[in-house]
Amino acid sequence: MGVSGSGKSTLGRALGAALHAPFLDGDNYHTPEARERMHAGYGLTDADRAPWLARLRAELDAQGRVVLACSALKRTYRDALRAPGTRFLYLDVPEALLAARLRQRPGHYAGADLLPSQLATLEAPQPGEHDVLTLPVTPATTPTDLLARALTALKVT
């Protein structure tokens, strides 16, 4: 979980491969209208996100063990995705690094213009969210490093 440009999809694909679990990218479950809105730099509202979260929850229920890349920016969104055994990895990335990554990501509907609304919506993990593990990301963090840290945090060997 995390804002656009945090590395959710990159880590998710690697985790899925390492865990021999299907990888689902939450981006693929947005409607064309939601993608157009985000491409224009407008964040989604709670009402916009509700059916998307319901689609993701249904996929999680249907799939069994799965790795999902999803922003899950608010606790209420994480609550909608929670089920017994669910764990979240929060990719905590500095704003300047996020902006730089988004500027280098041509063709994706979630560009740098969307970052301010994502950061405004973000609710970092709160006390009591024991199923959320925070992984700080710096400019020096490589995908390989992040995967190793994720597997360690998840206690997977």
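Is Asp-48 buried, exposed or partly exposed? Asp-48 counts as partly exposed, because its relative accessibility is 31%. The class runs between buried, under 20% relative accessible area, and exposed, over 50% (1.4 Å probe, protein chains only).

The model is predicted: local features need pLDDT of at least 70, side-chain atom pairs count only at pLDDT 80 or more, and totals for chains, interfaces and linings use all residues. Residues are numbered from 1 along each chain as its sequence is written, and side-chain values use heavy atoms, with hydrogens and water left out.

**Exercise 1. Trace the salt bridges of Asp-48 and Asp-46.**

Step 1. Fix the criterion: a side-chain nitrogen of Lys or Arg within 4 Å of a carboxyl oxygen of Asp or Glu. A search of the whole structure finds 7 such bridges.

Step 2. Take Asp-48. Its side chain meets that of Arg-37 at 3.5 Å, N to O. Asp-48 lies in helix α3 and Arg-37 in helix α2 (residues 32–39), 11 residues apart. Helices (H or I, at least four residues) and strands (E, at least two) are DSSP runs, numbered from the N terminus. Arg-37 is partly exposed, at 34% relative accessible area.

Step 3. Take Asp-46. Its side chain pairs with Lys-74 at 3.0 Å, N to O. Asp-46 is in helix α3, Lys-74 in the loop between β2 and α4, and 28 residues separate them. Asp-46 is partly exposed, with 40% relative accessibility.

**Exercise 2. Place the bridge between Arg-82 and Asp-79 in its network.**

Step 1. The closest N and O atoms of Arg-82 and Asp-79 are 2.5 Å apart.

Step 2. Check exposure. Arg-82 is partly exposed at 22%. Asp-79 is partly exposed at 40%.

Step 3. Widen the view. Salt bridges link Arg-78, Asp-79, Arg-82, Glu-129 and Asp-131 in a network.

**Exercise 3. Describe the two largest pockets.**

Step 1. Set the terms. On a 1 Å grid over the protein atoms alone, a cavity is a set of points where a 1.4 Å probe fits but cannot get out; a pocket is an open set with protein on both sides within 12 Å along at least five of seven lines, and lining residues have an atom within 4 Å of a point. Grid points are joined across faces, edges and corners, and the volume is the space filled by probe spheres set on the points.

Step 2. The largest pocket has a volume of about 650 Å³. Of its 28 lining residues, Val-66, Val-67, Leu-68, Thr-86 and Arg-87 are closest to the centre. Helix α1 gives the largest share, 5 residues. The lining divides into 20 nonpolar, 4 polar and 4 charged residues. Here Ala, Val, Leu, Ile, Met, Phe, Trp, Tyr, Cys and Pro are nonpolar, Asp, Glu, Lys and Arg charged, and the others, Gly among them, polar.

Step 3. The second largest pocket has a volume of about 500 Å³. Among its 32 lining residues, the closest to the centre are Gly-5, Gly-7, Lys-8, Ser-9 and Arg-105. The largest share, 4 residues, again comes from α1. Its lining holds 12 nonpolar, 13 polar and 7 charged residues.

**Exercise 4. Locate Leu-15 in the largest nonpolar core.**

Step 1. Such a core joins buried Ala, Val, Leu, Ile, Met, Phe, Trp, Tyr and Cys residues through side-chain atoms within 4.5 Å.

Step 2. The core has 36 residues; Leu-11, Leu-15, Leu-81, Leu-89, Leu-91 and Leu-135 touch the most other members.

Step 3. List contacts (heavy atoms within 4.5 Å). Beyond neighbours within four places in sequence, Leu-15 is in contact with Val-67, Leu-89, Leu-147, Ala-150, Leu-151 and Leu-154.
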